[in-house]
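Please read the following account with the model open beside it, turning to each region as it is named.

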Amino acid sequence: MRVAVFSTKPYDRQYLSETNAAFGHELVYFEPKLDLTTAPLADGFPAVCVFVNDKLDRDLLAHLAAAGTRLVALRCAGFNNIDLVAAGELGIDVVRVPAYSPHAVAEFTVALLLALDRRIPRAWARVRDNNFSLDGLIGSDLFGKTVGVVGTGRIGGLVARCLKLGFGCRVLAFDQWHDPALVEIGIEYRPLAEVLVEADILTLHCPLTPETHHLVNAATIEKARPGFMLVNTSRGALIDAEALVEGLKSGKVGGVALDVYEQEADLFFEDLSNEIIQDDVFQRLLTFPNVLVTGHQAFLTADALRAISETTLHNIAAAEKGEVLENIVVAESVSAAPRDNPQGGK
Ligand code: NAD
């Protein structure tokens with residue numbers, strides 16, 4: 001199939017092209033994001049392929065549909081960036097990559113937590129400057145600490161397992177669906193309010209939905225354990241960043257590691273080192289010594305890029321052949337999607 005592939009970086013093109021040798025699609029790569037100004041590039045393409053920060057609202061989907069597009073292939077698991085109701089009404093199928101490597105994201109989450117807690121970026125910056133002072137680098141043992149995991153699907157389940165079995169943490173979890181395999185190893189499901197009160201470390205792994213938007217806000221920060229550490233590798237809008245800044249200023253929040261940020265679409269994946277960043281909240285976050293931010297990198301392993309390419313090209317091939325689309329997302333499946341792999345950890 002002819003596919004207009006948006007938001008592509010060299011690494012995307014490399015893995016998609018290598019994998020496409022077995023599929024034979026005609027992939028036309030575009031570096032820019034897909035929006036109303038770049039949408040004409042996709043005119044006449046039956047399929048477009050997009051990534052996390054391509055926002056496909058009704059207007060954009062209407063343009064695509066009018067220009068002949070019938071398939072949107074997401075190269076990601078989350079589908080909060082697409083208006084599924086509009087896509088359905090316009091006759092556009094939407095497919096995604098439900099699981100490419102939950103290990104990539106789970107391992108990165110633990111790496112961020114350790115780097116934050118043990119001040120590794122600060123330590124490395126000092127050592128490179130021949131400053132071997134340890135002042136200000138005191139961390140804490142993870143062993144015995146209480147970790148709250150919000151969302152225990154594929155990624156959250158692996159994080160919970162790793163922190164419980166690997167580090168000896170006490171793990172409390174919040175999810176509407178309780179994974180019996182996690183309960184079996186001693187992970188305790190609790191209401192969110194209890195998790196908040198007890199957690200020394202809170203890590204977010206639920207999808208972004210209207211229900212989870214700003215799940216961490218001024219009120220939840222107020223209820224949380226003073227000095228708690230927060231890790232978010234899921235979606236930026238799970239956190240109210242302005243409330244987070246206030247929480248950091250007051251000391252209520254003891255440390256933050258983020259791989260995602262609500263307004264990241266204006267920042268991430270680009271070299272902006274010569275630009276004046278206009279997002280004051282983001283810039284303020286970067287000034288705290290106890291904040292660590294990466295630019296939506298948790299998925300970025302060779303294994304994950306291979307798996308993303310394989311599933312995306314398979315999804316497109318299935319659509320071309322008129323087969324059942326196993327990775328289709330439709331508006332009604334938004335609430336059902338989290339249970340689509342009840343075993344987690346795939
Ligand atoms: P998943 O669907 O396997 O698991 C999500 C879990 O969240 C499910 O168990 C579900 O029941 C639970 N959940 C849903 N609503 C909830 C709520 N209101 N409160 C608590 N739990 C809730 O998804 P996954 O593969 O584990 O991915 C989790 C998230 O990670 C994705 O939604 C995506 O946004 C994010 N992600 C980020 C990156 C990255 O590079 N940073 C990469 C992949 C995925």
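What follows is a walk through two helix packings and one pocket of a model that is predicted.

Two packed helices are described by the angle between their axes and the distance between the axes. The walk begins with helix α1, residues 10-20, and helix α12, residues 302-320, whose axes come within 9 Å and cross at roughly 55°. Since an angle from 35 up to 65 degrees falls outside the roughly parallel and roughly perpendicular ranges, α1 and α12 are therefore oblique to each other, and their crossing is right-handed. On the α1 side the contact is made by Tyr11, Asp12, Tyr15, Leu16, Thr19 and Asn20, while α12 contributes Ala302, Leu305, Arg306, Ser309, Glu310 and Leu313. Sorted by class, this contact of α1 with α12 comprises six nonpolar, three polar and three charged residues.

A second packing involves helix α4, which spans residues 102-117, and helix α6, which spans residues 154-166; here the angle is about 50° and the axes lie 8 Å apart. These two helices, α4 and α6, are therefore also oblique to each other, and α4 passes α6 in a right-handed crossing. From α4, the residues Pro102, His103, Val105, Ala106, Thr109, Val110 and Leu113 meet Arg154, Ile155, Leu158, Val159, Cys162 and Leu163 of α6. The residues of this contact of α4 with α6 divide into ten nonpolar, two polar and one charged.

The last stop is a pocket, the second largest, which holds about 470 Å³ of space. Its lining is formed by 22 residues, and those that lie nearest the centre of this pocket are Asn53, Lys55, Asn80, Asn81 and Glu262. Taken by class, the lining of the second largest pocket has eight nonpolar, six polar and eight charged residues.

Technical notes: Residues numbered from 1 in each chain as written. Predicted model: local features only at pLDDT ≥ 70, side-chain atom pairs only at ≥ 80, totals over all residues. Heavy atoms only, no water. Axes fitted to C-alpha atoms, helices over the stretch in contact; angles between N-to-C directions. Helix = DSSP H or I, 4+ residues; strand = E, 2+ residues; numbered from the N terminus. Parallel < 35°, antiparallel > 145°, perpendicular 65-115°, else oblique. Left-handed = near helix turned anticlockwise from the far one by under 90°. Contact = heavy atoms within 4.5 Å. Nonpolar A, V, L, I, M, F, W, Y, C, P; charged D, E, K, R; others polar. 1 Å grid on protein atoms, 1.4 Å probe; cavity = no way out; pocket = protein on both sides within 12 Å on 5 of 7 lines; lining within 4 Å. Points joined across faces, edges and corners; volume = space filled by probe spheres on them.
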